[in-house]
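Subject: Structure handover

Hi,

Here is the structure I promised to pass on. Please load it first, then read the notes below.

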Amino acid sequence: ELEDKIRERTQDLVKLVSELQSAKEHVNALFEKEKELNQLKTRFVSMASHEFRTPLSSIQLSATLIDKYIPKLDTENIEKHTGKIKNAVGNLTTILNDFLSLEKLEAGRVEVNPIWFNVVRFAEEIVEEMQLISKQDQHIIYEHKGTSAEVNLDNNLLKNCIINLISNAVKYSGENTMIQFNSILMDNELLIEIKDNGIGIPDVDQQNLFEPFFRAHNTGSIPGTGLGLNIVKRYVSLMQGEVSLESAQNIGTTIRLKIPFTNH
Ligand SMILES: Nc1ncnc2c1ncn2[C@@H]1O[C@H](COP(=O)(O)OP(=O)(O)OP(=O)(O)O)[C@@H](O)[C@H]1O
Ligand SMILES: [Mg+2]
């Protein structure tokens, strides 16, 4: 009888130990996650303090110059500098929005809410918006292929991805270039393709592009935080889709998104 009791107690203990072990693993995982988030925040703070300096000093300079132009009623120069201020504020807002998206993603607070919409109308609106921030004589050419144009996808996540990709195409290619934007609709799948003839991405850098804060070494003085593609990749994954990339330095870059949807 004593032996039975001992056996029972031992079994209880073994169970308890294994429960403790899994509780410990759970806490460790939470701790690791917290650590990663903290690292991300630290990197953001150091990146932001660097990336914010240029637009902030440009805002300050423009404001000072506007003060000088006001008594002379020099509207042309005043408008030039209010334009610069708006542009700089736009850059700052993009950086902050990217970071907020990333934090929301990290916290698992991004939900996918598919709705039915017409992808052609949706894409044309984006093109109109992006054409405004493109460079001189940079043309965004949109084309749709497919027998229909209705898709059942999260329009907000998709829009954010496409804007990120087109702004990269704009930023990393020169004046007088063409940016091709295609949507191809199949039964249960939307393909998005953004193609530019810009600086391209060196082979060695291609595998790291989707890491947060990573930037290829040929970006020179072109500003950026390296968050855009990471967000795109994560949004596309949340939608169960895939991202692929084809690029050659000094020739150009093509990025493709393949996103499935349910047809009912
Ligand atoms: N169309 C492109 N042509 C050439 N290089 C590109 C292109 N798109 C992305 N890259 C490279 O990939 C890197 C990561 O892109 P990503 O969009 O994540 O960051 P970013 O453009 O530097 O900054 P931001 O967070 O403001 O978007 C870029 O820094 C650049 O080196
Ligand atoms: Mg970018």
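Which helix gives the largest share of the lining of the second largest pocket? It is H5, with four residues. Keep in mind that this is a predicted model.

More on that pocket. Its volume is about 220 Å³. The lining includes Asp154, Asn156, Leu157, Lys159 and Asn160. Leu100, Ser101 and Lys104 are also among the lining residues, as are Arg109, Val110, Glu111 and Tyr235. Helix H3 (75-106) and H5 each supply at least two residues of this lining.

Next, the largest nonpolar core. It holds 57 residues. The members that touch the most others are Leu158, Ile162, Ile166, Phe181, Leu190, Ile194 and Leu257. Helix H5 (residues 155-171) again makes the largest share, here with eight residues. Domain 1 (52-106) and domain 2 (115-260) both contribute to this core, so it lies between them.

Ile194 deserves a look in your viewer. Leaving out residues up to four places away in sequence, Ile194 touches Ile162, Leu165, Ile166 and Ala169. Its other contacts on that count are Ile179, Gln180, Phe181, Thr253, Thr254 and Ile255.

Last, the strands. S6 (residues 242-248) and S7 (residues 252-260) run antiparallel, joined by seven bridges. Leu245 faces Ile255 of S7 across the pair. The two strands make a hairpin with three residues between them. In the turn, Asn250 has a positive phi of about 65°.

Best wishes

Key: Residues are numbered from 1 along each chain as its sequence is written. Chains are lettered from A and ligands numbered from 1 in the order in which they are written. This is a predicted model: local features need pLDDT of at least 70, side-chain atom pairs count only at pLDDT 80 or more; totals for chains, interfaces and linings use all residues. Side-chain values use heavy atoms; hydrogens and water are left out. A nonpolar core is a set of buried Ala, Val, Leu, Ile, Met, Phe, Trp, Tyr and Cys residues joined through side-chain atoms within 4.5 Å. Buried means under 20% relative accessible area, exposed over 50%, partly exposed in between (1.4 Å probe, protein chains only). Domain bounds come from an automatic or database domain assignment. Contact means heavy atoms within 4.5 Å. Two strands pair if DSSP finds at least two bridges between them. On a 1 Å grid over the protein atoms alone, a cavity is a set of points where a 1.4 Å probe fits but cannot get out, and a pocket is an open set with protein on both sides within 12 Å along at least five of seven lines; lining residues have an atom within 4 Å of a point. Grid points are joined across faces, edges and corners, and a volume is the space filled by probe spheres set on the points.
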